[in-house]
Each structure stands twice: as structure tokens, then as C-alpha cells.
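The exercises below go through one protein model, each with a task and a worked solution. Try each task on the structure before reading the solution.

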Amino acid sequence: MFAYGVKRVIQTRSWQVAGELVSRVETDERIVALTFDDGPTDADADAVLDVLADRDVPATFYVNGKDVEGNASTMRRIIAGGHEIGNHTWNHRRMAFVSPSTVAEEIEPTDDVIRASGYDGPLTFRPPHGQKLLTLPLYLAKRDRLTVTWDVAYEDWSGSPQSSGDIVDATVENTQPGSIILLHPWFGRTSTQKSIGPVIDRLKEQGYGFVTVSELIG
């Protein structure tokens, strides 16, 4: 029973033991935040950023520090496009059973490379896989750092074939006012890349507008 309880605390996207966490914003306004995790990768930049630019949609990118330095041109494009950037750790490691020094080693250098890229906007944090237990939330709470998770994420990680249509249908069906939508478009994930435009188009047809995470939270 204890192990089950610990697992629930680690995996829940709507609560943590300390500090502020947001997985969705309660609002009657038809606005949502589109977020992307991992990367970035220069090889996939056109497939992600051109779609957003063509539709004049801002997004929030939770990036890994190890990928920021080697993909500087994509970071510049993200910043120039008026998008928000968040911290997703350096190595994308699971952050449940970790020491305070490990937390610092994953977060602080990532903050540094994001700022060094020229980004000067709000800098929220998203734990890889949404996992956290005690050390990470305490570190974030002490520094008044906001944890952002999500309420809409329908990519299939089981290894089963999944088309962009599958991702689009599930994402649109489960989105509601104030949702934070999560997609993983980097590292050649073409099904996800192809879903971005249709997700935006269909939600716009339903009267939704898109804002960054910080704008959604207000």
C-alpha cells in the first residue's frame, strides 16, 4: 500500500508535496496553451516552427539543456517567434528519487544555457515524464519556481503504430477551456509533427485561441 501511494504521488500531474503546480487553468474562456517537450533539434525545426508561424500561434517549449547548445539556430527561431521557453532538465532524467545536488545539476545549467541563448521571458519548469516526489518540489518551492504539467497528452508510447490522425482526434476531443496540451515533435517524430497543424486548425474552428503557458496562468 505504501509503495502504491508513493507511485501515485510521483505520477500525479495535478499535485505535488510543495510549491505551486499547474496542470490546467480553470476558465470559461476558450483559450489553451500548446506545449512541446524535449529537444530542440535543428533537423525538425521547420516541421514545428513553420506550422506555428503560418498560423500565428504562440507555444511554450520545454527544452533539455543538453540539446540547447547544439541546436542554437532553433533556439534563436523559437525566441524570434515570440514563443515561451521552459526548463525540462539537462538530461531528461527521471526526477523522483534524486538528491538535492542532482536536482541542482539538472536545473541550474539548463537555466543558464536558456538565458545564454538570448531568452529573457518567464522560465517555468516541467519535470520529465511529469515525475516528482520530494526533493524536486522542495527545491522548486524554495526558489518560487512554478511546476507546469498538462491535462491533454495523447501520444502512444507503448510502441503501437499511431497516425497523426489518431493524435489529432484524441487531442481535440479531450481539450477544454484552460487546457495545457503536450506534444513531443522532436527527434524525427513525424506523426506528431504532422498533427500540429490539424490540432490547431480544428481547435480554432471550435473557437479556441492559443496563448503561452504564462499567459494562460495570468
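**Exercise 1.** Locate proline 40 and describe the peptide bond that leads into it from glycine 39.

*Solution.* Step 1: proline 40 sits in the loop that runs between strand 2 and helix 2. Step 2: the model is a predicted one, and in it the bond from glycine 39 to proline 40 is cis, with omega near 10 degrees. Step 3: most peptide bonds are trans.

**Exercise 2.** Aspartate 37 lies in strand 2. Decide whether aspartate 37 is buried or exposed, and find what its side chain is joined to.

*Solution.* Step 1: strand 2 covers residues 31-37. Step 2: buried means under 20% relative accessible area. Aspartate 37 has 3%, so it counts as buried. Step 3: its side chain makes a polar contact of 2.7 Å with the side chain of arginine 126. Step 4: beyond neighbours within four places in sequence, aspartate 37 also touches other residues, among them Tyr62, His88, Leu182 and Trp186.

**Exercise 3.** Find the residues of the largest nonpolar core that touch the most other members, and the helix that gives the most to this core.

*Solution.* Step 1: the core has 34 residues, and Leu34, Phe36, Leu52, Phe61 and Ile196 touch the most other members. Step 2: elements that give two or more residues include strand 2, helix 2 (45-55), strand 3 (60-63) and helix 8. Step 3: helix 2 gives the most, with 5 residues. Step 4: take leucine 52 as a sample. Leaving aside neighbours within four places in sequence, leucine 52 is in contact with Leu34, Phe36, Val57, Ala59, Phe61, His83, Ile196 and Ile200. Step 5: a second, separate core holds 13 residues, including Val25, Leu182, Val211 and Val213. In soluble globular proteins, nonpolar side chains tend to be buried together.

**Exercise 4.** Describe how helix 7 and helix 8 cross, and which residues of helix 7 are buried.

*Solution.* Step 1: the two axes of helix 7 and helix 8 come within 8 Å and cross at roughly 40 degrees. Step 2: the crossing of helix 7 and helix 8 is right-handed. Step 3: on the helix 7 side the contact is made by Ser164, Ile167, Val168, Asp169, Thr171 and Val172. Among their partners in helix 8 are Ser191, Lys194, Pro198, Arg202 and Leu203. Step 4: the residues of this contact divide into 6 nonpolar, 5 polar and 3 charged. Step 5: within helix 7 (residues 164-174), Ile167, Val168, Ala170, Thr171 and Val172 are buried. Strand 6 (180-183) and helix 8 (190-205) are part of what covers them.

**Exercise 5.** State where leucine 140 lies and what it contacts.

*Solution.* Step 1: leucine 140 belongs to helix 6 (residues 135-142). Step 2: its relative accessible area is 0%, so leucine 140 is buried. Step 3: apart from neighbours within four places in sequence, leucine 140 contacts Ile107, Phe125, Arg145 and Thr147.

**Exercise 6.** Find the sign of phi for histidine 92 and for phenylalanine 187.

*Solution.* Step 1: histidine 92 is in the loop between strand 4 (84-87) and helix 5, and its phi is positive, near 60 degrees. Step 2: phenylalanine 187 is in the loop between strand 6 and helix 8, and phi of phenylalanine 187 is positive, near 60 degrees. Step 3: most residues other than glycine have a negative phi. Step 4: histidine 92 has 22% relative accessibility, so it counts as partly exposed.

Methods. Residues numbered from 1 in each chain as written. Predicted model: local features only at pLDDT ≥ 70, side-chain atom pairs only at ≥ 80, totals over all residues. Heavy atoms only, no water. Buried < 20%, exposed > 50% of the residue type's maximum accessible area, 1.4 Å probe, protein only. Helix = DSSP H or I, 4+ residues; strand = E, 2+ residues; numbered from the N terminus. Contact = heavy atoms within 4.5 Å. Axes fitted to C-alpha atoms, helices over the stretch in contact; angles between N-to-C directions. Left-handed = near helix turned anticlockwise from the far one by under 90°. Nonpolar A, V, L, I, M, F, W, Y, C, P; charged D, E, K, R; others polar. Polar contact = N/O pair within 3.5 Å; in protein donor to acceptor, adjacent residues only side chain to side chain. Core = buried A, V, L, I, M, F, W, Y, C linked by side-chain atoms within 4.5 Å.
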